[in-house]
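Grab your viewer and work through these exercises one at a time. Each comes with a solution, so try it yourself before reading on.

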Amino acid sequence: MIRFDDVVKRFGDVVVLDELNFSVAPGEFVTLIGPSGSGKTTILRLLMTLEKVTSGQIFVDGECLSHMQRGSRLVPADEKYQRKVRQRIGMVFQQFNLFPNMKVLQNLTEAPIRSLGLSRAEAEERALELLELVGLTEKVNAHPSQLSGGQQQRVAIARALAMRPDMLLLDEVTSALDPELVAGVLALLKDIASSTDITFLCVTHEMNFARDVSDRVLMFDHGQIVEDAVPDKLFSEPDHERTRTFLRAVLERG
Amino acid sequence: MFDNIGLFVETISKGLLLTVEATLGGIVIATILSFVFGLAMLSRLRLVRAIARIYVEFWRGTSEVVQLLWIYFALPVLIGYQIMPLVAGIVVLGLNFGAYGAEIVRGAVQSVPKAQYEGCIALNLTPAQRMRRVILPQSLVEMVPPFNNLFIQLLKGSALLTMITVHEMTYQAREVLITRHVSQAATIWTIVLLFYLVLAILITFGMRLLELWAGRLVGRKPPQRGLLSALRSRRGRAAAITDAAVAGIGHTSDRSGGDR
Amino acid sequence: MIWDWDYAWEVFPKIVGDGLRTAVVATVLGSLVAYTLGLVLALLRRSPIRVVSGITWAFIEFIRSTPLLVQIFFLFFVLPDIGLTLDPMTTGVIALGLHYATYTAEVYRAGIEAVPPGQWEAATALNLPRRRTWTAVILPQAVPRVLPALGNYTISMLKETPLLLMIGVLEIAGVARQVGSRAFRYVEPVTIAGVLFLVLSLAASLLVRWLERRVRYRN
């Protein structure tokens, strides 16, 4: 489903991703953990085409994200090609990024109508189903600014699902939430993960959640994968010292 | 001292309509040009950006008085016929203040958080959909206060049309009243100032209503205080964008990075 | 003949000579008035006495909401009535300074408010006298920050000096109009005046940008 081939990403002189190689199979739930600044979020942003790779290639379903075939040559992807590849990918942001100028319903219907070409009726029907799923049916006509952080994030999750993505990127989706709202959002995500065959790539600091839902956990440091294992193995008996110290530090913090 | 007040008010009122016409005409043209060139300055195409930049620098850099003198005295020589003074005045007001307004539009669009662009990309909206459906509606509310300041500047700028013989309020006072009643200059000019003050307050009220409407677009609650607070609320954030527009200095927006 | 080079060369020295000097003098003196008076207005606006701050607010709003040209006429015609007979240039400088002081007051206010509250608290904790708090702590932090904004208003003022031609002070545009009316040929002098303003204001904005970078660097 996703494949990173020798991906390098630099911001100026800072190397964020250093010849990174990994892949994610369809339907898998893969969690990225590691210290801040280790490049986890950059991976999601590269996949969403919010950033460009410095070198190397990323494949989604066998199609290259950054380049396209023209004749026999590979040329940098244009907007049209990127939009086609992006179609399959959804993303939920740390800061929700809801559109404050639209009510909840329109936040959910805007992109399906404009981008997928759904009719308004279809889009609204689906939006209402999704709002029911995230438990916010009564907020259908609210403005994002009238919602709590947890509610905004639920709407953002519903908005991403409304695009029927094959793959969902979760970027520290609970980091901006008040502690008492975190559990609800995580439970919702777990529910979605178990009831759909969407591929998940998730960056989080919630270790219990990661252990609970992931098929595989990747430990990151300095732009490289330190360890790649199933959660039980990685959290109970990690092979690497770096993983051990990181987990100890995170778990001690509570 | 107060004998002739009735006459003064009546004479100045004769110029009121022209002042209002010039101001409204200028506002309409300036607003259109603000959006056209403000968005053009954000274009991906270098040439479009360059053209917009030249328009802005030219009309801000040459004084409004010079522009009026040019269009009134010099242009007729080049094109062979005299333009109606009011029309010439409206065109200059529109072109001149449109250049300042373009900076306001650019600044307000750029002040929309980068996260909103990213949200649009994640939802696969086209650049045009992004601008029209998401970014512009959000930047409108940021634009209204600086445009309020700009429109009041434009109202004040309309007094300069005196120089090209538009018989607006300042002309009525200077050329009609002062010549005959110079001993009552203080009264005459005070009345003129009050007329302008009232017009400025009307503009502010109008813009305040517009701001409430634009605020509702982004789900902002109307402030507790009523319309009377309008004059006070012109300041603050508006000043920042207006100053940037006055100076042509880029409005640096908050581009938060997050975890890399 | 659309553009007559000989005529242009003939009028050029007059516009650049007399006109430019008058424009610069009026702008510099006007700015000095605006910078000083603006600070006074900003401080009065913060006065704890409500009447003082209220009147200052009303004054600022009134001046800002009405045309500079009318204010120039007001001073020009009314000052002599109260026994102040000034030459037109002085009247013009006062009008420019007064008008722009209401803008610089706002700039100073923003600059003062940008000084972190902790600075006030530290000054209080050190038991500094109020006056000293202003002169040694607040203003030295606030003023450098607002210099670029003040510079911008000086540029605006330069572009408004042509209004003074209405009371007989001839700067760039005034000289251009006068020269043009003598020869019944306006294209060259007025165009020269426009180009001159464009060059001056572009150069001045480069200067302000440089100043802004310096200020940002120092912070």
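**Exercise 1.** Which residues of chain B are linked in a network of salt bridges? Keep in mind that this is a predicted model.

*Solution.*
- Step 1: pick out the members, which are B:Arg53, B:Glu57, B:Arg60, B:Glu103 and B:Arg106.
- Step 2: zoom in on one pair. The side chains of B:Arg106 and B:Glu103 form a salt bridge with an N to O distance of 2.8 Å, inside the 4 Å cut-off for such a pair.
- Step 3: place that pair on the backbone. Both residues belong to helix 4 (residues 85–111) of chain B, where they sit 3 residues apart, about one turn of the helix.
- Step 4: check accessibility. B:Arg106 has a relative accessible area of 10% and is buried; B:Glu103, at 3%, is buried as well.

**Exercise 2.** Find the salt bridge partners of A:Glu110, one across the interface and one in chain A.

*Solution.*
- Step 1: look across to chain B. The side chain of A:Glu110 meets that of B:Arg133 in a salt bridge, 2.6 Å from N to O. The interface of chain B and chain A has 2 salt bridges in total.
- Step 2: look within chain A. Here A:Glu110 pairs with A:Arg114 at 3.4 Å, N to O.
- Step 3: ask how these two come to face each other. A:Arg114 and A:Glu110 are 4 residues apart in helix 3 (residues 104–116) of chain A, so about one helical turn separates them.
- Step 4: compare burial. A:Glu110 is buried at 3% relative accessibility, while A:Arg114 is partly exposed at 28%.

**Exercise 3.** Describe the interface of chain B and chain A, starting from its area.

*Solution.*
- Step 1: take the area. About 2700 Å² is buried between the two chains, and carbon and sulfur atoms give 50% of that.
- Step 2: count the residues in contact, which come to 37 from chain A and 26 from chain B.
- Step 3: count polar contacts. There are 12 such residue pairs between the chains, with both residues at pLDDT 80 or more.
- Step 4: see what chain B brings. Helix 5 (114–122), helix 6 (127–157) and helix 8 (185–217) each supply at least two residues of its side that touches chain A. The residues on that side split into 11 nonpolar, 7 polar and 8 charged.

**Exercise 4.** What is the sign of phi at A:Asp6 and at B:Asn124?

*Solution.*
- Step 1: recall the background. Most residues other than glycine have a negative phi.
- Step 2: read the angles. A:Asp6 has a positive phi near 50°, and B:Asn124 has a positive phi of about 65°.
- Step 3: locate the residues. A:Asp6 is in strand 1 (residues 2–11) of chain A, whereas B:Asn124 is in the loop between helix 5 and helix 6 of chain B.
- Step 4: add accessibility. A:Asp6 is partly exposed at 42%, but B:Asn124 is buried at 1%.

**Exercise 5.** Set the UniProt "transmembrane region" annotation of chain B against the model.

*Solution.*
- Step 1: get the ranges. The unreviewed UniProt entry assigns residues 22–42, 79–100 and 186–210.
- Step 2: test residues 22–42. This stretch is 90% helix and 0% strand, with 30 Å between its end C-alpha atoms.
- Step 3: test residues 79–100. Here the model gives 77% helix and 0% strand, and the end C-alpha atoms are 28 Å apart.

Note on methods. Residues are numbered from 1 along each chain as its sequence is written. Chains are lettered from A and ligands numbered from 1 in the order in which they are written. This is a predicted model: local features need pLDDT of at least 70, side-chain atom pairs count only at pLDDT 80 or more; totals for chains, interfaces and linings use all residues. Side-chain values use heavy atoms; hydrogens and water are left out. Contact means heavy atoms within 4.5 Å. Buried area is the accessible area (1.4 Å probe) that two parts lose on being put together, summed over both. A polar contact is a pair of N or O atoms within 3.5 Å; within protein, one must be able to donate a hydrogen and the other to accept it, and residues adjacent in sequence count only if both atoms are side-chain atoms. Ala, Val, Leu, Ile, Met, Phe, Trp, Tyr, Cys and Pro count as nonpolar, Asp, Glu, Lys and Arg as charged, and the others, Gly among them, as polar. Buried means under 20% relative accessible area, exposed over 50%, partly exposed in between (1.4 Å probe, protein chains only). UniProt positions are given in the numbering used here, feature names are shortened, and annotations may be inferred rather than shown by experiment.
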